[in-house]
Amino acid sequence: MNIVVCIKQVPGTTQVKINPETGTLIRDGVEAVVNPFDEYAIEEAIRIKEKKGGTVKVVTMGPPQAEAALRTAISMGADEAYLVSDRAFAGSDTWATSYTLTAAIKTLGKVDLIICGKQAIDGDTAQVGPGIAEMLDIPFVAWVRKIEEISETSIKLERLMEEGYDVLEMPLPGLITVVKEINEPRMASLKGKMKAKSAQINTLSTSNMDVDPQFIGLKGSPTQVLRSFVPERKSGGEKITGEAAELAQKAASVIQNLGVVK
Ligand SMILES: Cc1cc2nc3c(=O)[nH]c(=O)nc-3n(C[C@H](O)[C@H](O)[C@H](O)COP(=O)(O)OP(=O)(O)OC[C@H]3O[C@@H](n4cnc5c(N)ncnc54)[C@H](O)[C@@H]3O)c2cc1C
């Protein structure tokens, strides 16, 4: 099976500052790690390869230092690494990111399955995985917590829901995004770390990818950040106690006092 895993390098902290002029994250001086959800994606891809054979290709779009994320994936057991990097991609929103990653994936030959994390812990939108699937015109399932069966042509999986889970079958090629319940990512072995150090990192840019300049980078991004702010913390709320009938009455009167129902 030919599996592609999309991984994002993210700040290893939630205390990220935002550039007030551009509305983008200030990443300088902040320790960078592989997006935690993407570690589950890498692990799942390697497990499939171990059972079914094939290759695991990891792709990241980011500045040159995002190469470190690719080396982490290689140390875990991925086979090939692709860094999608070009000044022209700077300022991409989720749409332009999905577009650019789609173009990158198209350069990788036959792909059976694409695995992404549920979401990135900095941008948090959970849009890029589904965005890639839409642009490649392939089916996708988000929030996958277990792969029950997989063949070259289809995958049977469990999708985490708020209460319980769905069992779904999807034809391949397709894309899934995974949640942390799916597995326990392995620690890299010493051999893996040595391999990662000298692994070849393939670079994809506007010079070797088929991208339309009007759809990449800040100019190609339909989203505009008007304002970024930390939401105001609201204090405590009102706690009501009592027997069920009394509670229902109190709750009804609180709702009535809000003026939204009569
Ligand atoms: C107007 C605008 C300008 C922006 N400018 C910049 C900028 O200059 N620099 C910058 O770094 N960010 C910028 N961003 C943020 C950038 O668009 C997002 O970080 C990126 O699109 C991913 O979205 P997300 O973090 O919400 O990921 P999600 O959609 O939550 O990620 C889901 C999954 O998609 C995959 N994925 C996501 N991003 C990548 C990636 N880059 N490479 C590989 N796989 C990925 C991973 O598997 C991840 O788990 C900008 C955003 C906007 C709206």
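How far apart are the end C-alpha atoms of helix α6 (residues 244-257), and what span should its 14 residues have at 1.5 Å a residue? The expected span is 20 Å, and the end C-alpha atoms are 20 Å apart, so the two agree. Keep in mind as you browse that this is a predicted model. Here is a short tour of helix α6, the nonpolar cores and the surroundings of D112.

**Helix α6 and what follows**
- The expected span of α6 comes from multiplying 1.5 Å by one less than the number of residues, which is why 14 residues give 20 Å.
- Just after α6, G259 has a positive phi of about 80°.

**The nonpolar cores**
- The largest nonpolar core contains 38 residues, and V5, I7, I115 and I176 have the most contacts inside it.
- Helix α1 (residues 36-52) supplies the largest share of this core, with six residues.
- Beyond its neighbours within four places in sequence, V5 touches A41, I42, A45, V56, K57, V58, V59 and I115.
- There is also a second, separate core of 24 residues, with C6, V59, V111 and I216 among them.

**D112 and its surroundings**
- You will find D112 in the loop that runs between α3 (94-106) and β8 (113-117).
- D112 has a relative accessible area of 5%, which is under the 20% cut-off, so D112 counts as buried.
- The side chains of D112 and K110 make a polar contact at 2.7 Å.
- Once its neighbours within four places in sequence are set aside, D112 is in contact with M1, N2, E152, L172, P173 and G174.

Notes
Residues numbered from 1 in each chain as written. Predicted model: local features only at pLDDT ≥ 70, side-chain atom pairs only at ≥ 80, totals over all residues. Heavy atoms only, no water. Helix = DSSP H or I, 4+ residues; strand = E, 2+ residues; numbered from the N terminus. Buried < 20%, exposed > 50% of the residue type's maximum accessible area, 1.4 Å probe, protein only. Polar contact = N/O pair within 3.5 Å; in protein donor to acceptor, adjacent residues only side chain to side chain. Contact = heavy atoms within 4.5 Å. Core = buried A, V, L, I, M, F, W, Y, C linked by side-chain atoms within 4.5 Å.
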